[in-house]
Structure formats: C-alpha cells, structure tokens
Amino acid sequence: MTEVLTRADRLSRYALVMWETKGDMDLAERFFKQALSFDPNHIDTLNNYAWFLECVRHDVVSAEALYKRAIHAAPERVDSFGNYGLFLWQTKADDDAAELIFRQAFTNDPNHVGNLALFANFIWKRRGALDEAQNLFHHALALEPMNADVLGDGASFWFHARQDCVQAKDLFERALVADPEHGNNLASFATFTWQVSFDVEKAEALFEHALRHEAANVDVLGNYAVFLWCAKADAEMADVYFTRSLELNPNHAGNLGNAAWFAFGRGKIETGKSYLARALAQRTDDNELALELEWYRFAFEPEQKGDALHRIYALLDQGWRSPWWNLTAQIASVREEGHSDFDMVLALAFVLLDEEPRTILPAHP
C-alpha cells in the first residue's frame, strides 16, 4: 500500500535531506518552519527541528520548547519522551530531570526499544546502577534480538561495566551480523579484539572496514588513533588520525582526552596540557574518561592536584575504574618530570586501572 504523505510530511523530509545529505542548513531550517506552518503539531518535525536547533544552531532554549511541544501534542508518542530525556541528559546536564522523563517514558511504554536502550545507557553511565541497566538491556534485546544499536550498546556495557568478555564478544558478533557496516560497532569490536584477544591483524581489518564506510566518524577515527599507537607503535599515523578527528569535531571530549594521553605519553607535556584543558572544558557522561582526565590533571598540573585528587576520590568511591586503559608511557613521563608526589601518582594509577584495591590509598584526600 502506497504511503500517503501530507505536505508537512514532505517538507519535514526535505529538511532532513538538506541537513544531513546536502549540508544546506539555511534551506533545511526553512523547510522545517514551512512544515510547522502547515501542521504546528507535526510530531516528527517538532522532534527533528528541535534536534537541528540543538546541534546546528546551538539554540538550547528554542530546542527545549519544541521538545516539550512534541510531548504535549502527542503524549502517546513515547519517542518524544526519549528525545527530550536525551536532551536533558547530554545538553542541559540535568540528570534528575532526565531520569524523571526516562522513567515516565518507560511507564508509558515499557516495550519501546529505543527508549529502553537510552535509559539503560543513562542509568549505567550517570547513575552507576549496573543491575538496573543490565535488566533494561536484557529486556530490549528480548524484544529486538537483532537490533544492531542495542547489541552494540549492550556489548560495550558487558565489556566495560561487567568485564564479561564472553558475553561482550557474543553481542559484538551478533551486532555485526545484524549490520556488518555499523561504524561504531566495528570500531568497538576492533578495540575489544586487540585489548582482549590480542589479535592486532583482525582489529586493524575491523577499523579499516569501519573507515571505508564512515570515513568522517570521529569516534572511529579517535579509537583508531589509540590503536595505532598502543597496538602498532605507529605514533606518526596515530597523530594523523587524532588530528583528523579533532578537525572534524574540535570539542569531542573523548578524542581531546586521548590526544592529551598521547601527548603526555610522548613527553610533549605542554601539548598534552593544552588538550587536557580543552577536554576538561567539555561535559562528558563517560565517568571512566572523567577519571582518566583527573589523573592527568593530578599528574601533570601540580597547581591543580588538590582539586583533581578530590575528584578522583569521588569517582573511585562511586565505583568507577578504567581497567582496559594503559598508562605506562604517561607514568614514565611523570617520573621524568619529577612529580613531587610520584608515589601517589603511581598508587592512583594502580587503583584507576583496577590493579590494586581502593584501600591502598589514604582514606581521605
């Protein structure tokens, strides 16, 4: 049966094409506005225009107004709740409000897979509620066992949060059966492959496959840069890929943090400090990354080590660790710099990497 499109439907779709395919932001916005002039309560336009205003125009106030209009116009459309929850979480940094919206979405429809995955990631990354996150992932995968996005997110959860490599590997492999060209899943599985299975050749093939399909994916580029230095000892090419990733998105907290890690590990301390300052200026929902950044601050910014230490203790006491990271070269650079409390730098690194228990540190910073 042929899909019957309204004028607002067509204009809304034209707007997405202008934005995502043609890169014509002014024309995209004109189409969004025209769609709403024909149907002020067109839910897809309200949500997509809100996302456009948030990401392209950085107009947080107008974006929030549209997200709220979408919920008010059609409260049965639970995807609108998920969109607003994501906005509250990642753009407004209002975790309490985001959790309320995610829980409302779950109450309204406990079987909406997209919202289940969003809620699971939020509960894991912001609340550290691993059991609840695991239950949400299980529920989403029971509903859609071949959803590549949920499989990839679930694999990352079991890898990083549960350190269950058997379950993570199974989910990564299923994710790539579901979508063999999914860039983030390819890159995440590549990282898993070299860190856990030590199969550098297979990992490189996965990264190259990801970049053939998504050459401008900054997450893939940044992860590949880490791989090139850690697994291939190719600092020159790692530098190329870090640079490319930050040209595409200069405010990517993860790539800025990893560029700082790379510079510190090569003894380029001032360059590392510059990247570190830029990374710390961004908001991140990745508490493992936040822990790593604070360790760099303690290790390489002596005048800030008091504040950094309090933040490190807070994250450690919440249970956060970064067991798959490598700080060998960075520790060597700290020693060479002559840190006044090198023993503490080392102890913090051991606990951060989950190689020693929290009890080896003093009770209070």
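# A walk through the helices, pockets and loops

Start with helix H11: 11 of its 13 residues are buried, so the rest of the structure largely encloses this helix. Keep in mind as you go that you are looking at a predicted model.

**Stop 1: helix H11**

Select residues 183-195 to bring up H11. From first C-alpha to last, H11 reaches 18 Å, close to the 18 Å expected at 1.5 Å a residue. Colour the buried residues next: Gly183, Asn185, Leu186, Ala187, Phe189, Ala190, Thr191, Phe192, Thr193, Trp194 and Gln195.

What covers the buried residues of H11? Show helix H9 (148-161), helix H10 (165-178), helix H12 (200-213) and helix H13 (218-230), which are included in that cover.

**Stop 2: helix H17**

Now select residues 287-300, which make up helix H17. H17 has 14 residues and spans 20 Å between its first and last C-alpha, close to the 20 Å expected at 1.5 Å a residue. How many of the residues of H17 are buried? The count is 14 of 14, and H17 is mostly covered.

Zoom in on the start of H17, and add Asp286 and Glu288 as sticks. There, a side-chain oxygen of Asp286 comes to within 3.0 Å of the backbone nitrogen of Glu288.

Stay in H17 and pick out Asn287. Is Asn287 buried or exposed? Its relative accessibility is 7%, under the 20% cut-off, so Asn287 counts as buried. Next, show Lys125: its backbone oxygen is 2.8 Å from a polar atom of the Asn287 side chain. Leaving aside neighbours within four places in sequence, Asn287 is in contact with Lys125, Arg126, Arg311, Leu315 and Trp320.

**Stop 3: the second largest pocket**

Asn287 also takes you to a pocket. The second largest pocket has a volume of about 260 Å³. Of the 14 residues lining this pocket, the closest to its centre are Thr284, Asn287, Ala290, Glu294 and Arg311, so select those five.

Which helix gives the most to the lining of the second largest pocket? That is H17, with four residues. Bring in helix H16 (269-280) too, as H16 and H17 each supply at least two residues of the lining. Colour the lining by class and you'll get five nonpolar, five polar and four charged residues.

**Stop 4: a closed cavity**

Next, look for enclosed space. Rolling a probe the size of a water molecule over the atoms shows where empty space is left. The structure holds one cavity of 30 Å³ or more, and the largest cavity contains about 50 Å³ of space.

To frame the largest cavity, select its lining: Phe102, Ala105, Phe106, Asp109, His112, Asn115, Leu116 and Phe119. Helix H6 (95-108) and helix H7 (113-125) each supply at least two of the lining residues. By class, the lining has five nonpolar, two polar and one charged residues.

While H6 is on screen, click Leu100, which lies in this helix. Leu100 has a relative accessible area of 61%, over the 50% cut-off, so Leu100 is exposed. Draw a distance from the C-alpha of Leu100 to that of Gly85: the two are 15 residues apart along the chain, and 8.2 Å separates them.

**Stop 5: two loops with a positive phi**

Most residues other than glycine have a negative phi, and most peptide bonds are trans. With that in mind, go to His58, in the loop between helix H3 (43-57) and helix H4 (60-73). His58 is not a glycine, although its phi is positive, at about 55°. His58 is also exposed, with a relative accessible area of 60%.

Then move on to Ala233, in the loop between H13 and helix H14 (235-248). Its phi is near 55°, another positive value in a residue other than glycine. At 65% relative accessibility, Ala233 counts as exposed.

**Stop 6: Gln163**

Finish in the loop between H9 and H10, where you'll find Gln163. How exposed is Gln163, and what does it touch? With a relative accessible area of 39%, Gln163 is partly exposed. Not counting residues up to four places away in sequence, Gln163 touches Trp158, Pro323, Trp324 and Asp354. For one last distance, pick the C-alpha atoms of Gln163 and Asp307: they are 144 residues apart along the chain and separated by 30 Å.

Conventions: Residues numbered from 1 in each chain as written. Predicted model: local features only at pLDDT ≥ 70, side-chain atom pairs only at ≥ 80, totals over all residues. Heavy atoms only, no water. Expected span 1.5 Å × (residues − 1). Buried < 20%, exposed > 50% of the residue type's maximum accessible area, 1.4 Å probe, protein only. Contact = heavy atoms within 4.5 Å. Polar contact = N/O pair within 3.5 Å; in protein donor to acceptor, adjacent residues only side chain to side chain. 1 Å grid on protein atoms, 1.4 Å probe; cavity = no way out; pocket = protein on both sides within 12 Å on 5 of 7 lines; lining within 4 Å. Points joined across faces, edges and corners; volume = space filled by probe spheres on them. Nonpolar A, V, L, I, M, F, W, Y, C, P; charged D, E, K, R; others polar.
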